[in-house]
Amino acid sequence: MPTTTYETVTTKQTLNRVQEERMPFDWSINPYRGCAHGCSFCYARAFQSFMGLGAEDEFQFRIMMKSNAAEALEKQLSGMARKLGHDIDALGRQIGQVTIGTATDPYQPIEGKAEITRACLKVLAKYRISTSITTRSPLVLRDLDILTQMKDVSVNISINTLDPGIIRKLEPASPHPHQRLEALLGLSEAGIQTGIFAAPVLPLITDEEEGLRQLLMAAKERGAAFAMISLLRLSKDVKRWYLQTLKEQFPDKLASYYELYRGPYAEEGYVRSFKQMAAKLLAQCGMNDGSAPAQPRVKAASTRKLPRPSAEVTVRELTPEVEQLSFPF
């Protein structure tokens with residue numbers, strides 16, 4: 001297995017405007033490029049080609065760390081705030097929602113030491129920016145001291161099966177599904193709006209109705225307020241890598257995939273049938289309405305020690321400069 005290498009890079013801007021109109025958020029933040037979890041089906045593998053990198057092993061084993069991400073974010077937001085007369089509420093309205101983790105997991109293993117995502121969260125909390133986080137990792141629990149003080153925040157735990165065997169074959173370095181459920185419980189018990197992204201569902205591997213029902217119920221029991229279910233999409237770059245992985249791990253599925261995926265999307269009849277099943281499951285499990293968080297009904301099955309930050313966040317770190325000037329000293 002290749003050795004993972006980490007490179008520090010600098011960025012001119014951390015906050016990137018989302019151009020795709022169908023996306024339910026306006027801005028994205030990705031503190032890293034590449035992802036050590038190595039999910040064989042990850043759509044973000046295709047982004048590597050935009051940077052002259054490969055969608056294959058380079059995606060998992062060459063991680064670029066945006067070392068100045070928080071500083072660049074501070075510069076962006078302070079500049080916007082200045083143009084609005086330092087009206088922090090107006091800034092929040094102008095920006096809308098920021099999503100962290102659209103092209104890489106912001107809590108992949110190196111974040112435990114680098115704390116780049118944590119530093120960005122401090123800045124977002126300081127400027128009271130509506131924030132959504134998507135991750136597969138229980139490391140997100142480390143940042144509860146910041147998350148619980150944010151004005152508007154939600155966390156999406158990405159999990160498409162409860163079967164650890166499938167996870168290990170197709171997501172070689174990602175957290176165990178039980179750990180992700182623990183994260184879900186910890187977040188919901190802390191009052192954080194939390195749900196799951198059952199995505200991507202893998203045809204003929206994780207698309208069995210009963211398995212998806214068990215996943216939805218396990219999430220609901222741990223306080224998930226919502227769930228999103230979506231099917232695997234295979235762009236050209238991702239398809240080549242994913243099918244090679246299937247050849248090694250699920251060779252009996254390979255011929256069916258060539259029939260099902262003649263393009264980036266599954267065959268129309270299969271998609272139609274799957275969407276009907278998914279809608280039925282969401283309705284049956286009461287997971288199709290994210291307006292209010294569910295109440296956890298189970299206790300954590302593990303006493304595993306929660307991750308800790310290098311230093312607890314301070315009130316001053318979360319207070320905009322213009323308000324700090326008004327503090328009595």
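**Notes on helix α8 and its surroundings**

1. The buried residues of α8 (buried: under 20% relative accessible area, 1.4 Å probe, protein chains only) pack against α6 (144-147), β8 (153-158), α7 (164-170), β9 (193-201) and α9 (209-221). Contact here is heavy atoms within 4.5 Å. Helices (H or I, at least four residues) and strands (E, at least two) are DSSP runs, numbered from the N terminus.

2. Before going on, a word on the basis: this is a predicted model, where local features need pLDDT of at least 70, side-chain atom pairs count only at pLDDT 80 or more, and totals for chains, interfaces and linings use all residues. Residues are numbered from 1 along each chain as its sequence is written, and side-chain values use heavy atoms, with hydrogens and water left out.

3. Ten of the 13 residues of α8 are buried, so the rest of the structure largely encloses this helix. Among them are R180, E182 and S188, alongside L181, L184 and L185.

4. The helix length checks out: at 1.5 Å a residue, counted over one less than the number of residues, α8 (residues 177-189) should span 18 Å, and its end C-alpha atoms are 19 Å apart, which agrees. Just after α8, G191 has a positive phi of about 90°.

5. β9 runs parallel to β10 (residues 226-231), with five bridges joining them; a pair needs at least two DSSP bridges. A198 sits opposite I229 of β10.

6. Elsewhere, an open three-stranded sheet has the order β1-β5-β4 with mixed pairing. Its edge strands, β1 (5-9) and β4 (32-33), each pair on one side only. β4 and β5 (residues 62-66) are antiparallel over two bridges, and R33 has M64 of β5 as its bridge partner.

Notes:
Buried means under 20% relative accessible area, exposed over 50%, partly exposed in between (1.4 Å probe, protein chains only).
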